[in-house]
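The following exchange sets computed values against the definitions behind common structural labels. Please consult the sequence and the structure as each point is raised.

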Amino acid sequence: MTELTISVPPALKQWIDERVAQGLYADATDFVRALLRRDQEQAAEDDAWLKAMIDEGLQSGRLHENPKDVLRKIMTDHPADRG
């Protein structure tokens, strides 16, 4: 295994210590490994979702309307979804 040394501010160290004290993790290293695994899984899910959206877009065919008109309609139909 490779060793990695990180520095964290006191507040994060306290958070790690609390999580370990709760018995959720064996030690700080176990906690960090769990976070990294979770991040890897999330990144893989994000990649899969993006690829699915690209495939869906490619399969939907060509757009015959003006893209600006389409965006305007989407923003009008779904005002709460913006930003």
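**Salt bridges, exposure and surface patches**

Asp69 is partly exposed, because its relative accessible area is 40% and the label covers values between 20% and 50%. The model discussed here is a predicted one.

Q: What makes Asp69 and Arg72 a salt bridge?
A: The closest N and O atoms of Asp69 and Arg72 are 3.2 Å apart. The criterion asks for a side-chain nitrogen of Lys or Arg within 4 Å of a carboxyl oxygen of Asp or Glu, so the pair qualifies. The two residues are three residues apart in helix H3, which means a separation of about one helical turn.

Q: Why is Arg72 called partly exposed?
A: Arg72 has a relative accessibility of 48%. Exposed requires over 50% and buried requires under 20%, so Arg72 falls in between.

Q: How do you know that Lys73 and Asp77 form a salt bridge?
A: Their closest N and O atoms lie 2.6 Å apart, and the limit is 4 Å, so the contact meets the definition. Both residues belong to helix H3, where they are four residues apart, about one turn of the helix.

Q: Why is Lys73 called exposed, and why is Asp77 called partly exposed?
A: Lys73 reaches 51% relative accessibility, and the label exposed applies over 50%, so Lys73 receives it. Asp77 has a relative accessible area of 43%, which lies between the limits of 20% and 50%, so Asp77 is partly exposed.

Q: What makes Asp17 and Lys13 a salt bridge?
A: The closest N and O atoms of Asp17 and Lys13 are 2.6 Å apart. This is within 4 Å, so the pair is counted as a salt bridge. Asp17 and Lys13 are four residues apart in helix H1, and therefore about one helical turn separates them. Asp17 is partly exposed at 37% relative accessible area, and Lys13 is partly exposed at 41%.

Q: How many salt bridges does a search of the whole structure find?
A: The search finds three. As background, side chains of opposite charge can pair when their charged atoms come close.

Q: How do you know that the length of helix H1 is close to the expected value?
A: Helix H1 covers residues 10-21 and has 12 residues. From its first C-alpha to its last it reaches 16 Å, close to the 16 Å expected at 1.5 Å a residue. After H1 comes Gly23, which has a positive phi near 85 degrees.

Q: What makes the group of Asp39, Glu41, Glu45, Asp46 and Asp47 a patch of negative charge?
A: These five residues gather on the surface. Asp and Glu count as negative, so the patch carries that sign. One of the members, Glu41, is placed in helix H2, residues 28-59. Glu41 has a relative accessible area of 49%, and membership of a patch requires over 30%, so Glu41 meets that requirement. The C-alpha atoms of Glu41 and Pro79 are 32 Å apart, with their positions 38 residues apart along the chain.

Q: What makes Trp49, Leu50, Met53, Ile54 and Leu58 a nonpolar surface patch?
A: Together they form a patch of about 550 Å². Their residue types, Trp, Leu, Met and Ile, are among those counted as nonpolar, and members must be joined within 5 Å. Leu50 belongs to helix H2. At 44% relative accessibility, Leu50 is over the 30% required, so it satisfies the area condition.

Q: Why is Ile74 called partly exposed?
A: Ile74 has 45% relative accessibility. That value is neither under 20% nor over 50%, so Ile74 is partly exposed. Ile74 sits in helix H3, residues 67-77. Its C-alpha atom is 46 Å from that of Glu18, and the two residues are 56 residues apart along the chain.

Technical notes:
Residues numbered from 1 in each chain as written. Predicted model: local features only at pLDDT ≥ 70, side-chain atom pairs only at ≥ 80, totals over all residues. Heavy atoms only, no water. Patch = residues over 30% accessible without salt bridge, like charges linked within 9 Å, V, L, I, M, F, W, Y side chains within 5 Å. Areas by Shrake-Rupley, 256 points an atom, 1.4 Å probe, with all protein chains shown as cover. Charge placed at Lys NZ, Arg CZ, Asp CG, Glu CD. Buried < 20%, exposed > 50% of the residue type's maximum accessible area, 1.4 Å probe, protein only. Expected span 1.5 Å × (residues − 1).
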